[in-house]
Number of protein chains: 4
Amino acid sequence: MNKIKVGVLGATGMVGQQYIKLLAQHPWFEVAYVAASPGSAGKTYRDAVSGRWQMAFDVPEKVADLVVQDANNANLAEKKCVFVFSALDMDKQKTRELENAYAAIGIPVVSNASAHRSSDDVPMLIPEINHEHISIIAAQRSKHGWQKGFVAVKPNCSLQSYMTPVFALLQAGYEVRKMIITTMQAVSGAGYPGVPSLDMIDNIVPLIGGEEEKSEMEPCKILGHVVDGHIVNDESIKISAHCNRVPVVDGHTACVSLEFGDKKPALDEIKKIWRDFRALPQELNLPSAPLQPIIYREEANRPQPRKDRDADKGMAVSVGRLRQCNVFDIRFVGLSHNTVRGAAGGGILNAELLKAKGYFD
Amino acid sequence: MNKIKVGVLGATGMVGQQYIKLLAQHPWFEVAYVAASPGSAGKTYRDAVSGRWQMAFDVPEKVADLVVQDANNANLAEKKCVFVFSALDMDKQKTRELENAYAAIGIPVVSNASAHRSSDDVPMLIPEINHEHISIIAAQRSKHGWQKGFVAVKPNCSLQSYMTPVFALLQAGYEVRKMIITTMQAVSGAGYPGVPSLDMIDNIVPLIGGEEEKSEMEPCKILGHVVDGHIVNDESIKISAHCNRVPVVDGHTACVSLEFGDKKPALDEIKKIWRDFRALPQELNLPSAPLQPIIYREEANRPQPRKDRDADKGMAVSVGRLRQCNVFDIRFVGLSHNTVRGAAGGGILNAELLKAKGYFD
Amino acid sequence: MNKIKVGVLGATGMVGQQYIKLLAQHPWFEVAYVAASPGSAGKTYRDAVSGRWQMAFDVPEKVADLVVQDANNANLAEKKCVFVFSALDMDKQKTRELENAYAAIGIPVVSNASAHRSSDDVPMLIPEINHEHISIIAAQRSKHGWQKGFVAVKPNCSLQSYMTPVFALLQAGYEVRKMIITTMQAVSGAGYPGVPSLDMIDNIVPLIGGEEEKSEMEPCKILGHVVDGHIVNDESIKISAHCNRVPVVDGHTACVSLEFGDKKPALDEIKKIWRDFRALPQELNLPSAPLQPIIYREEANRPQPRKDRDADKGMAVSVGRLRQCNVFDIRFVGLSHNTVRGAAGGGILNAELLKAKGYFD
Amino acid sequence: MNKIKVGVLGATGMVGQQYIKLLAQHPWFEVAYVAASPGSAGKTYRDAVSGRWQMAFDVPEKVADLVVQDANNANLAEKKCVFVFSALDMDKQKTRELENAYAAIGIPVVSNASAHRSSDDVPMLIPEINHEHISIIAAQRSKHGWQKGFVAVKPNCSLQSYMTPVFALLQAGYEVRKMIITTMQAVSGAGYPGVPSLDMIDNIVPLIGGEEEKSEMEPCKILGHVVDGHIVNDESIKISAHCNRVPVVDGHTACVSLEFGDKKPALDEIKKIWRDFRALPQELNLPSAPLQPIIYREEANRPQPRKDRDADKGMAVSVGRLRQCNVFDIRFVGLSHNTVRGAAGGGILNAELLKAKGYFD
């Protein structure tokens, strides 16, 4: 099969680089278009990332020779690619307008940016949880008068460490009423240069600007329902998050305390639910889907970022330390790879879902 | 004034070294006796710690020349010192018996070890919180038939990051019902060699054996009351703790979510309570007492271990990020120096309190 | 083709684990036998490594179910495997005797241990440099009266960062007279638990016991010649090494200053020599051989451990910053993966060479 | 005595902050004037450093309330301070002009900036080595027509780890012919935000732009001689430096190999020379002078940054691992605190020397 030509917006940044890396051997997609800020436009991709390439992996030759285009001009992408991954890192309002501009000329946008996450006609996808939210795309297209284009986004990276395990319990019939979460997040989440080393040697920083708010609001939309062309949030879970930056390269860890509704599963049942959990990406056998989305580890001191972040290509969530909570019902530790599952890998899985469902036809 | 001669048991270990360092310039106490395991006995202290001295501070000459004694033989300490600091690191049962043996020959033991923490006639002191627990010593002496000797202990290091702030609120009349705490603890807490570097480079470990249990049980005793020669625990607060090891040398950080009883203070009132909090160590002007036990920092990204652990000689608790909690009432971040306030410094403050109250006379 | 059954001695240690990992998908070899200290003997490999498995990769099922044997009893390995990889970590004299015991019963030993490195009838192989040293095996067998068994070793891990680049220059006809080397070595080289985290957070340690001596002596043997059943050292290069431990998980970096003999290559010629360098492992297309043994990086700030250690499966040496030296002739930075190329991967490449040359027939 | 009012240029940057910290309790000097870039001008110092204050020490109240002035306008400093410390971080040409502008209006400049280091009428001082270079100030004043103003500078921070030990040997009559040095430098040397944490977790960077050149050239001037109103460089030592950035907060470490001239001291004699070394700052009893400028440590694994950088208020050089070199004559490891001795502390010691010699009268 001929591979589908894709573009990457914000291709020179950290998430953009991760897209280039993860797409290097992709069975369905090939990078045919790279765009970034005007400062990089006109250079080859090789030159544009020279001195700031962060991957432990060399730039693939084919991409290295592509000339970087100005991401601000959507028209340049026309006929160059079927859809684009957006890793834009600019003002929210501008990002929304620019992503819309690509959609308007018929280029779907699969975005990592946070700009459109609260737009109620834009699906915010974790395919194992809310793949049916893609049905909103029809309403989105109709509202904007777009034929082929659309925007779909993914949620913030820190959620991924615990949202799928929580969803698995919900789906098994256990209401969740309250969650208190403390995250210990990797520095790669802040891009490059990102977090200064003076803050991360013999230190942690108990603040990540905006992260707690996202962690508390985005689950409501992810767990929401499509009603009359809108995604209506589900606000049944009260969530409180403490977000910390720790000296880890990749891999966000979360300590979660959770209170169920009246029906409370036993610990063994929870482990079984997690281990048995499979969803549409697994059924469709999507190339980037983890075989087992939730890996429960019985070792007392796991999951750990360096040992577990790469589980199943970096796309699985690793969970451990499930135990009773003295205040709520249960406690556990979740971990996922923030720049794979939580960023470019998550975006690619979204695109695979959309492709499988015919949204790029 | 002549300084009081003191001994240090377990003097060659990490906490023992911290005692040697902190006592080097102490106005009331001078180290006259050092004891450790039989393997070190007979060597000068200088030789005994050669190759494992961890302080960024050289061994004081006077202590360096002391000959290390076998800590297992309490009789050796007789007439060598008025009381001992215990930093013993051995089996609990053996530690209890050994600390009792020192007490039995008239040498009070001010201990860092966890062995006696659950003994209901042994005070577990944070002088700013429960100095009145020292009155139990009379019952303890009477029960054992001891004249001058006794045992007093301090709680686990991780508590110190939040117990004083919580106590200040209780004392101000605000009942606390529930607390969910996640700690990020420094490696010095595990001694030397302690935590392997392979676990702490680009990694965190979401388990510290026994630490969560201590964090959940010890507050009950600290907040308890002396009744008929026993300390009766206060179990009114439900506590749940997640304890993590992070790549920080010194300084334990805690993310705390807290639910009050019916009466709920405003955020500004809480800050005022914390800033104004003073207790007996401050009134008595004890040499190691922090001038202001709780330092509230308004900067959005504080407290941080490297910047705040040394606040007021490492004896103050730094608090920040006080904000509403979506699930409970408030959230905040607390930090204290685990080997100063949380270990040797805390032990020294206990001894200063006991001295001021005449328990070494 | 049926895979060759191999054993791993010291299988539960860090290097042993790396062997298990790297052999999991090996096209020629399969692990059929695991042996370790008596304390692990009798347990399944899964249980024996429980709590100390360090790889970011789960124990392969087939190996997990093997019962660990006592490595001290060579006879147990008879008929269980064609040859063994030795990752023994014990007293040198005992290691030599034990490796000999395996050889004596017809089981060749491909060793990572340092015990036999100075035995003048034991080849110390870097296949790209001195593959012809395997011819000494005939003399070794004859001396000991062994039929099939023999011992072959690999050199210390820190050499690998620069010895192949230096050899490439020698081979191209440029005499090297003097080398001053400073290494910055990863903590994985010390095994687990190995280097305490208190030594590696906000710190470096300017000493690795025995490492400087190995770095200065082993090159003489590697560059030596087989003469009358002995390997005669080449002592033409004067070498001085400073070895430091730094907070890096994997990857040893070396800063090298080098003085040539009278004939001095230009910098561009050196880069060409390095880039063009190929040797027997490449000609034989050995499964673990890097395609390009020496990768020269033009970026001003490379090689770096995290970005370059995994180059070509962790088997290539990355070199950069070639420039004139004010004191000698040239300076450069070399880097290689200490637990892959420098340990288990290097051992496997040695075994592949020996297999290809018929030494396991 | 009334303290001398001093100003700090570039007061909001990392070195500027270190000046504020170190001068907080200074017996001779008090900070009366702070200046920085126009962006900070007009704010109180407290507000100007809010969010970027890096010291584990709060801004002193008196300085916190000072209004930051525009450093580009030297005239603003007139009558506000007797002399200024320059921690300017801008273009070299502009720095030179600006430092000259302060000198021109009668305000001496004691500078950390590199701008004037190669000016042959500007002394580059390490007071223990070349205090007599201050005599060039007369020529400098005369050349520029300045009455009271002048510029004096300090060398690059990385030199401090070994130049004083090398000088002590020269002074004892041992010619040094060649030095090959590899440094492992702390991140604080790059200021804040400085080195990205992605470069310093599980990594080192074998390049610090411009540092090797400074390390090779500046010693020539430091060891030079004042001849006819010029400092004439001493180029008798051939120096080659490899400079690396490592994950250490403070403290530059250097591995040094050194070749003497014909006369070669024994190792014990070298240690004696180092331990006995005293110089003018010690004779004058300058407040910031270390009591013993060179501390030799006999422990096999020292000096180490975290344990030794603070030796004697961070002003002493710690040396260890003195041993024979196989290529040159000796090898050793040197360490000094890069932001104290190597930056603000060094600047303050220079000012103390100049004050003691009457240059601020």
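What follows is a short chat about a predicted model, its chain contacts and one of its strands.

Colleague: Before I get attached to this thing, what is the mean pLDDT of chain A?
Modeller: Remember that it's a predicted model. For the complex, the predictor gives an ipTM of 0.95 and a pTM of 0.96. In chain A, 100% of the residues reach 70 or more, and the mean pLDDT is 96.

Colleague: What kind of axis relates chains C and D?
Modeller: Chain D superposes on chain C with an RMSD of 0.0 Å after a rotation of 180°, with 0.0 Å of shift along the axis. The two copies are thus related as by a two-fold rotation axis.

Colleague: And do those copies meet through the same surface or different ones?
Modeller: Count the residues on each side: 34 of chain D are in contact with 34 of chain C. Of the interface residues of chain D, 100% are also interface residues in chain C, so the copies meet through the same surface.

Colleague: Over at the contact between chains A and B, which element of chain B supplies the largest share of the side touching chain A?
Modeller: Chain B puts 34 residues into that contact, and chain A puts in 34. Strands E7, E10, E11 and E14 and helix H11 of chain B each supply at least two residues of the side that touches chain A. The largest share, five residues, comes from E10(B).

Colleague: Of the residues on that side of chain B, how many are nonpolar?
Modeller: Sort the residues of chain B's side by class and you get seven charged and 10 polar. The nonpolar ones number 17.

Colleague: Let's look at E14(B): is that strand largely enclosed or not?
Modeller: Ile330(B), Phe332(B), Gly334(B) and Ser336(B) point one way, Arg331(B), Val333(B) and Leu335(B) point the other way, and all are buried. With seven of its seven residues buried, E14(B) is therefore, relative to the rest of the structure, largely enclosed.

Colleague: Which residue in E14(B) stands opposite Ala254(B)?
Modeller: E14(B) pairs with E11(B) in the antiparallel sense, over seven bridges. Opposite Ala254(B) stands Gly334(B).

Colleague: How many residues lie between E13(B) and E14(B) in their hairpin?
Modeller: Strand E13 of chain B covers residues 317–324 and pairs with E14(B) in the antiparallel sense, over five bridges. One of the partnerships joins Gln324(B) to Ile330(B) in E14(B). The two strands form a hairpin, and the number of residues between them is five.

Methods: Residues are numbered from 1 along each chain as its sequence is written. Chains are lettered from A and ligands numbered from 1 in the order in which they are written. This is a predicted model: local features need pLDDT of at least 70, side-chain atom pairs count only at pLDDT 80 or more; totals for chains, interfaces and linings use all residues. pLDDT is the predictor's confidence in each residue, from 0 to 100. Copies are superposed by least squares on the C-alpha atoms of residues with pLDDT of at least 70 in both. Two residues are in contact if their C-beta atoms, placed from the backbone, lie within 7 Å. Helices (H or I, at least four residues) and strands (E, at least two) are DSSP runs, numbered from the N terminus. Ala, Val, Leu, Ile, Met, Phe, Trp, Tyr, Cys and Pro count as nonpolar, Asp, Glu, Lys and Arg as charged, and the others, Gly among them, as polar. A residue is buried if 20 or more other C-beta atoms lie within 10 Å of its own, exposed if 12 or fewer, and partly exposed in between; C-beta atoms are placed from the backbone. Two strands pair if DSSP finds at least two bridges between them.
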